[in-house]
Amino acid sequence: MTIELSPDALAGLLEQARKEYQNLAGCGLSLDLTRGKPAPEQLDLSNALFSLPGERYTSADGTDLRNYGGLQGLPELREIFAEALQVPVGQLLAAGNSSLELMHDCVVHALLSGVPGVESRWVDQDRIAFLCPVPGYDRHFGICERFGIEMIQVPMTAEGPDMDVVERLVAEDPAIKGIWCVPKYSNPTGITYSDATVARLASMSTAAPDFRIFWDNAYAVHHLTDTSVEIADLLAACAEAGHPDRTFVFGSTSKITLAGAGVAFFGSSPANVEWLLSKSAKRSIGPDKINQLRHAILLQDTDGLRTHMERHRALLQPKFDAVARILEAELGGSGLAGWTSPEGGYFVTLEVPEGCAKEVVRRAAEAGIVLTPAGATHPYGDDPRDAVIRIAPSYPGLDELEQAIKGLAVCVRLVGYERQSR
Ligand code: PMP
């Protein structure tokens, strides 16, 4: 990435960057680009939820939703999401407000009870490991860390995890019980898994008979362009390949309706669905079906969901465009950075010269621009190259975002030229 500069040219650029940074630090900024939260205007798109479901409290089949029960979740809401999540309605559960909770629970149940098809429990094995495509989502890694599950990094390619590496590792190591996947508009790179990657995940041989793919389709309908990127159907591919129980599908409305009061989904094979239902029955007598009902009324059907997501896109796309425009104007051709141009999802990945990410984040914080900690995209918070910075453009207003990205570019130039001068 680095461009060779003459000593004089470098000295000039460094002096310029230092001045710019001084100006930036003097601005008294207080900007936050840390987490991929929907902006208030995005949440406003679902304000109708506050007056829904009105006086209504029965489902389409006449069930009184005020009462206990209905562990599978509201059928009419599951119908709306079945297509987007590529799970047959009968194999899709609608649950509480967080899909992360469901992922956590699946790991806990696998540890304490084992998964369908095997007698042994994960917790009884000497060693348990998960494959972690990097850069990836820090909260996935947090679940592994919490339960002492070893994390093995796998590099991401433009088509998903490097499948040569994945196939080799899962074939030889029975301790590898799972892999974290964000298959569409991945967090944080924005890449989407190719059909070939999906086919290989479905058909590969695993040494562990109880291997599971944690298919976190968090951004299934979160498009940023006219092309709605679609992925191959992993659940069906696994069934066809003779591994029907291999995949757990997750999704939620966190970035569709209200991040703090949405609905999460789990989909899988009939055996896995039965498994999760039987375990969940011990911790709950049923989900918040009134919340599910107001979601079903708000979104109506798959077309309604599409229209709703177009409104999000109208708010988000200008922000992502601004990030791309400013990074190009400020850092294009400098040899100091590369960045992703996602077609959907919530994140842009900025790559800076090796050994610079932490320092860029530190300098930005000193100037009042808070970024996701460098390293968060890797297991144990440790990016061995110290090169990846995750940018979350959704939450700030456009003006603030533009200021923040310009400021971030100043920090990249400062740290990059300082490093080159050493
Ligand atoms: N998975 C991914 C990939 C995410 O980026 C996020 C939110 N940042 C979540 C899950 C969290 O989902 P939920 O709100 O449904 O728990």
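Start by selecting V360: setting aside neighbours within four places in sequence, V360 is in contact with V352, I389, C411, V412 and V415. Here, contact means that two C-beta atoms, placed from the backbone, lie within 7 Å. Before you click on, know that this is a predicted model, where local features need pLDDT of at least 70, side-chain atom pairs count only at pLDDT 80 or more, and totals for chains, interfaces and linings use all residues. Residues are numbered from 1 along each chain as its sequence is written.

**The core**

Now add F265 to your selection. F265, V352, V360, I389, C411 and V412 touch the most other members of the largest nonpolar core, which has 116 residues. A nonpolar core is a set of buried Ala, Val, Leu, Ile, Met, Phe, Trp, Tyr and Cys residues joined through C-beta atoms within 7 Å. Buried means that 20 or more other C-beta atoms lie within 10 Å of a residue's own, with C-beta atoms placed from the backbone. Colour helix α13 (residues 398-421) next, since its eleven residues are the largest share of this core. Helices (H or I, at least four residues) and strands (E, at least two) are DSSP runs, numbered from the N terminus. Why does this core lie between domain 1 and domain 2? Because domain 1 (7-33 + 306-421) and domain 2 (49-299) both give residues to it.

**Two domains**

Give domain 1 (7-33 + 306-421) and domain 2 (49-299) a colour each; such bounds come from an automatic or database domain assignment. Their C-alpha centres lie 31 Å apart. Where they touch, 22 residues come from domain 1 and 27 from domain 2. On the domain 1 side, α11, β11 and β13 each supply at least two residues, and α11 has the largest share, with six. That side divides into eleven nonpolar, eight polar and three charged residues. Nonpolar covers Ala, Val, Leu, Ile, Met, Phe, Trp, Tyr, Cys and Pro; charged covers Asp, Glu, Lys and Arg; the others, Gly among them, are polar.

**The three-strand sheet**

Show β10, β11 and β13: they form an open, antiparallel sheet in the order β10-β11-β13. Strands count as paired if DSSP finds at least two bridges between them. β10 (338-339) and β13 (388-391) are at the edges with a single partner strand each, so one side of each has no neighbour in the sheet. Between β10 and β11 (residues 348-351) there are two bridges; look for G338 opposite E351. Four bridges join β11 to β13, and T349 has R390 as its bridge partner.

**The eight-strand sheet**

Next, trace the open sheet β2-β9-β8-β7-β6-β3-β4-β5, where the pairing is mixed. Its edge strands are β2 and β5 (160-161), each pairing on one side only. Zoom in on β3 (residues 129-134) and β4 (residues 150-157), which run parallel and share six bridges. C132 sits opposite Q153 there.

**Helix α3**

Select residues 75-85. Which residues of this helix are buried? They are E76, L77, R78, I80, F81 and L85. Their cover includes β2 (92-94), β8 (247-252), β9 (264-267), α10 (289-299) and α11 (302-331). After α3 comes Q86, with a positive phi near 55 degrees.

**Last stop: the ligand**

Select the ligand and what surrounds it: G36, S98, S99, L100, Y137, V182, N187, D216, A218, S252, S254 and A264. A residue is near a molecule if its C-beta atom, placed from the backbone, lies within 6 Å of it. By class, this shell has five nonpolar, six polar and one charged residues.

Definitions and conventions
A residue is buried if 20 or more other C-beta atoms lie within 10 Å of its own, exposed if 12 or fewer, and partly exposed in between; C-beta atoms are placed from the backbone.
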